[in-house]
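Hello,

Here is the structure I promised to pass on. Please open it alongside this email, and I will walk you through what turned up.

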Amino acid sequence: MTAVSPATVTERFTEVMNLALIVADAAGFIRFVNPAFCEMFCYSQADILGKPVTLIVPERLRGAHIAGMANVSAGAKPGLSGRAVEVSALRAGGAEFPIEIAVSTWKDEGGNFWAGATIRDISERRERDARLMRLASQDTLTGLQNRHEFVSRLEDWLQTGQRGALALMDLDGFKEINDIHGHLIGDSVLQAVGVRLSYLLGDSLAIGRLGGDEFTCLLKDTKDAREAQARANSIVAAFRKPFSLGGLELNVGASIGIALAPEHGTDAEMLIASADFALSRAKAVGGRRALVFHEAMRHETQARRDMLDELRLALRNGELELYFQPQVDLVHQSVVGFEALIRWNHPSKGLLLPGHFLPALEQSSLATEIGWWTIDQACRMAAKVNGEGARYRIAVNLFTQQFRASNLSDRVKAALNAHHLRPDCLELEVTEQVTLNDDEASMQTLMAIRDIGVGVAFDDFGTGYASLSSLQRFPLTTLKIDRGFIRDIQTRKSDTAITRALVTMSREMGLRTVAEGIETESQAAFLRSLGCEEGQGYLYGRPMPMNDAIACAQQSETRQLRSASFKTQ
């Protein structure tokens, strides 16, 4: 067996190990490197041996390195001896990269000073750590800051005492997209929202996703409420443009709550809470708008949230009920249909009218859920009151959230099929304010309803801002005249003129006309003289439970049969 010298063993060991090895003398010149060092630093042994060790040290660190070597070679105890530390090093081409280095020093038999080091390239570790840091600070879906990172940066910024504004944004109609198209499309929409926000606001601003469909941005250079309102309005306007994804045109609106710093909060939690109160108010008054926080919103929002919590329980516990008010043919004095009106059988407060809870319900996600329930219950009533024949029409009011839902027509079809009901037995009532929010989208929604064969009524026309041309553009079947014009129709000339004009215009356009709020026979007679076809009000009956409404319809039929029999005698 051939003996191997210790020197040969050392040489082979240093060739195969992954760690880079380097030895320098007291003057700082490199006297030994192994192949792993040459590969790591992109030098050949011929190029590096005899060169100063500072060749692999970044220029900004060379002064400290030279001073440290001089101290140790003069006899000082090395502070990092044997301990691995992370520093930066230079490759042959001048590229800087991170290394982990452990230094040791010794003196040979002749008293000469030597310094050696083992070096590990930790670039991959640093990249992995950086990825982990990004995961810890970024929203994985959109690439924006996540809640933790945004709040942390907001807190740091607030400590500077600068003025600015926080905008908290929630998407309008996003739940419907998830429900109809699935979460994959929903996630794509959220990613597109992140891109659009970044484009609108620029990279210099802090933009984050707090979770779900809620986004936030810090407007650092905003000095007052007027400027913050203008900037938020521009975001709302930009979100009126649909998102094109996979051949789909998806409409997602934006509601924004704005809080000013430091007026509305000196720490992150308080500022975000203030913006959230403003956001809740923006959604409660119709959505797709931006509002600046004021203190009254805090109390309004809390009361609204408490009410919504109660309403969720009410829906689950069967406390909600539809009442039905008769709609009457003014000439024949016969019941032709009913308007469905929601009531709440509150366990401690008794029967509550809509005015007690609708302001809290409208524009909330719960409104959509209760809205589908009302359509189903209205169809159930229509099926019962009509029996085998289709005669009575049931009208039901739509919530704004329902009207904006892209699956409205599908939900209506499902309710009709579930109760085996003809489409013309159902009529959906919309207000002019609902249709004004998005003219083109409103048109498409109404067309889809009419294609089914369901009636569409324009409720409270003349009390808002809709133009007369709205009656021509939208595919309506019925025009309802607000009770405000009926109350003094015989004594106030303006009310008489407006009602006459509406009745005439409605008749010329082939629409049914229903006057609301009729309380006296003289009002009914006057409306008949104007040519109004139908009416509803306390004169003909207050809203009543389903069984009472069915009995009312049956009584009306009996009266009509008796009248017809009397005329033939």
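Which residues of H6 are buried? They are Glu149, Phe150, Leu154, Trp157 and Leu158. These five cover an arc of only 165° around the axis, which puts them on the same side of H6. If you turn to the other side of H6, you will find His148 and Asp156 exposed.

Before going further, please keep in mind that this is a predicted model. The helix itself runs over residues 147–158, so you can pick it out easily by its 12 residues. From its first C-alpha to its last, H6 reaches 16 Å, close to the 16 Å expected at 1.5 Å a residue.

H6 has a packing partner in helix H10 (residues 268–284). The two axes are 9 Å apart, and the helices pack at an angle of about 110°. That makes H6 roughly perpendicular to H10. On the H6 side, the residues that take part are Val151, Leu154, Glu155 and Leu158, and they meet Ala268, Leu271 and Ile272 in H10. Leu154 and Leu158 are worth selecting on your screen, as they belong to the buried residues of H6 and also meet H10.

Now step back along the chain to the loop between helix H5 (123–137) and H6, where Asp139 is found. Asp139 is buried, with a relative accessible area of 11%; the cut-off for buried is under 20%. What is Asp139 in contact with, leaving aside its neighbours within four places in sequence? The answer is Leu144, Gln145, Asn146 and Arg209.

A second helix pair to look at is H11 (residues 296–316) with H13 (residues 365–386). Their axes come within 11 Å and cross at roughly 30°. Angles under 35 degrees count as roughly parallel, and H11 and H13 are therefore roughly parallel to each other. H11 passes H13 in a left-handed crossing. At this meeting point, H11 brings Leu308, Leu311, Arg312 and Leu315, while H13 brings Leu366, Glu369, Ile370 and Trp373.

Finally, some figures for the whole protein chain. There are 22 helices and 21 strands in it. Of its 569 residues, 48% are buried. Among contacts with a separation of 6 or more, 62% are between residues 24 or more positions apart.

Happy browsing, and best wishes

Conventions: Residues numbered from 1 in each chain as written. Predicted model: local features only at pLDDT ≥ 70, side-chain atom pairs only at ≥ 80, totals over all residues. Heavy atoms only, no water. Helix = DSSP H or I, 4+ residues; strand = E, 2+ residues; numbered from the N terminus. Expected span 1.5 Å × (residues − 1). Buried < 20%, exposed > 50% of the residue type's maximum accessible area, 1.4 Å probe, protein only. Arc of directions from axis to C-beta. Contact = heavy atoms within 4.5 Å. Axes fitted to C-alpha atoms, helices over the stretch in contact; angles between N-to-C directions. Parallel < 35°, antiparallel > 145°, perpendicular 65-115°, else oblique. Left-handed = near helix turned anticlockwise from the far one by under 90°.
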